[in-house]
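Work through the following exercises with the sequence and the structure side by side. Try each task on your own before you read its solution.

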Amino acid sequence: MRDEFTAATKKTLAKRVGYRCSSPDCRRLTSGPHSESKKALNIGVAAHITAAAYGGPRFNETLTPEARRELDNGIWLCQNCAKLVDNDVMRYSESVLRDWKTLAEGKALKEVEYGSEDRLQSLLITQFNLSTSDKQLVVDPVTGNTLVFDPTEMTVTEYYKQTSTMLKVTTLPSQWKY
Ligand SMILES: [Zn+2]
């Protein structure tokens with residue numbers, strides 16, 4: 001007896017990651033147009049983080065059947081990645097899959113908030129007049145402190161997220177701040 005997700009749970013899992021595969025190395029869209037105009041095609045799978053049935057991949061015997069069916073125990077993957085994670089449970093452990101899920105949901109939220117990562121990137125480069133190749137000093141416009149930014153170590157976007165003082169910049173449109 002497998003503890004399957006409901007159709008509603010599957011749909012919510014897909015929507016929470018914008019219908020993209022949650023594997024950070026894959027990230028492919030799992031939904032698109034079907035050649036029949038009234039249909040959509042789907043290569044996504046609501047995969048169980050811990051198995052739906054006894055003896056399955058990453059099975060957790062302490063969970064109740066209800067808990068196995070819950071959204072918390074699911075991750076949205078493409079068919080390839082769903083197959084992959086069930087083939088090597090040492091490499092693709094429960095904690096690895098939970099990290100993927102958190103990351104994929106975070107990326108989806110960021111895309112909902114400000115469009116693509118590329119778009120934010122180019123906005124920040126323009127805003128702070130940054131070089132994308134050389135180490136440089138950045139003057140925080142609020143505190144006046146000088147900070148070092150090395151684009152070979154992280155992207156402008158990552159830097160922006162990690163540098164709390166730059167979050168105080170008020171000239172960015174409000175919807176781009178987080
Ligand atoms: Zn995938």
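**Exercise 1.** In this predicted model, find out how many bridges join strand E3 to strand E4 and in which direction the two strands run relative to each other, parallel or antiparallel.

*Solution.* Begin with the pairing itself: E3 and E4 run antiparallel, and five bridges join them. Next, pick one position to see how the partners line up, and you will find alanine 46 standing opposite tryptophan 76 of E4. Finally, follow tryptophan 76 beyond its neighbours within four places in sequence, where its contacts are Leu13, Ala14, Val17, Ser22, Gly44 and Ala46.

**Exercise 2.** Decide which residues of E3 lie on each side of the strand, and state whether its faces are covered or not.

*Solution.* Start from the general pattern: in a regular strand, side chains alternate between the two faces of the sheet. Now apply this to E3, where Gly44, Ala46 and His48 are on one side and Val45 and Ala47 on the other. The residues on both sides are buried, and both faces are therefore covered. Since five of the five residues of E3 are buried, this strand is largely enclosed by the rest of the structure.

**Exercise 3.** Identify the residues that touch the most other members of the largest nonpolar core, and then work out which elements supply that core.

*Solution.* The largest nonpolar core has 20 residues, and those touching the most other members are Ala47, Ile75, Trp76, Leu77 and Ala82. At least two residues of this core come from each of helix H1, E3, E4, H3 and H4. The element that gives the most is E4, with four residues. As background, in soluble globular proteins nonpolar side chains tend to be buried together.

**Exercise 4.** Determine which residues of helix H3 are buried, and explain why they count as lying on the same side of the helix.

*Solution.* The first step is to list the buried residues of H3 (residues 79-87), which are Cys81, Ala82 and Val85. They cover an arc of only 105° around the axis, and therefore they lie on the same side of H3. The second step is to look at the face turned away from this buried side, which carries the exposed residues Lys83 and Asn87. The third step is to ask what the buried residues pack against, namely strand E3 (44-48), strand E4 (74-78) and helix H4 (94-114).

**Exercise 5.** Carry out the same kind of analysis for helix H4, beginning with how far it reaches from its first C-alpha to its last.

*Solution.* H4 has 21 residues and reaches 30 Å, which is close to the 30 Å expected at 1.5 Å a residue. Its buried residues include Leu97, Trp100, Lys101 and Ala104. These cover an arc of only 100° around the axis, so they are on the same side of H4. The general rule behind such a pattern is that an α-helix has 3.6 residues a turn, so residues three or four places apart point the same way. The face of H4 turned away from the buried side carries the exposed residues Ser95, Thr102, Gly106 and Glu113, while E4 and H3 are among what covers the buried residues. Just after H4, glycine 115 takes a positive phi of about 80°.

**Exercise 6.** In the loop between H1 and strand E1, classify tyrosine 19, arginine 27 and aspartate 25 as buried, partly exposed or exposed.

*Solution.* Recall the cut-offs: a residue with 20 or more other C-beta atoms within 10 Å is buried, one with 12 or fewer is exposed, and one in between is partly exposed. Tyrosine 19 is in this loop, and because it has 20 other C-beta atoms within 10 Å, it is buried. Arginine 27 also belongs to the loop, and its 16 C-beta neighbours inside 10 Å make it partly exposed. Aspartate 25, again in the loop between H1 and E1, has 8 other C-beta atoms within 10 Å and is therefore exposed. As a further step, check the backbone: tyrosine 19 has a positive phi of about 60° although it is not a glycine, and for arginine 27 the phi is likewise positive, at about 60°.

**Exercise 7.** Find where the confidence of the prediction stays under 50.

*Solution.* The chain averages a pLDDT of 85, and 86% of the residues score at least 70. Over residues 167-178, however, pLDDT stays under 50, and for these residues the model has 13 contacts beyond four places in sequence.

Conventions:
Residues numbered from 1 in each chain as written. Arc of directions from axis to C-beta. Contact = placed C-beta atoms within 7 Å. Core = buried A, V, L, I, M, F, W, Y, C linked by C-beta atoms within 7 Å. pLDDT = per-residue confidence, 0-100. Pairing = 2+ DSSP bridges. Expected span 1.5 Å × (residues − 1).
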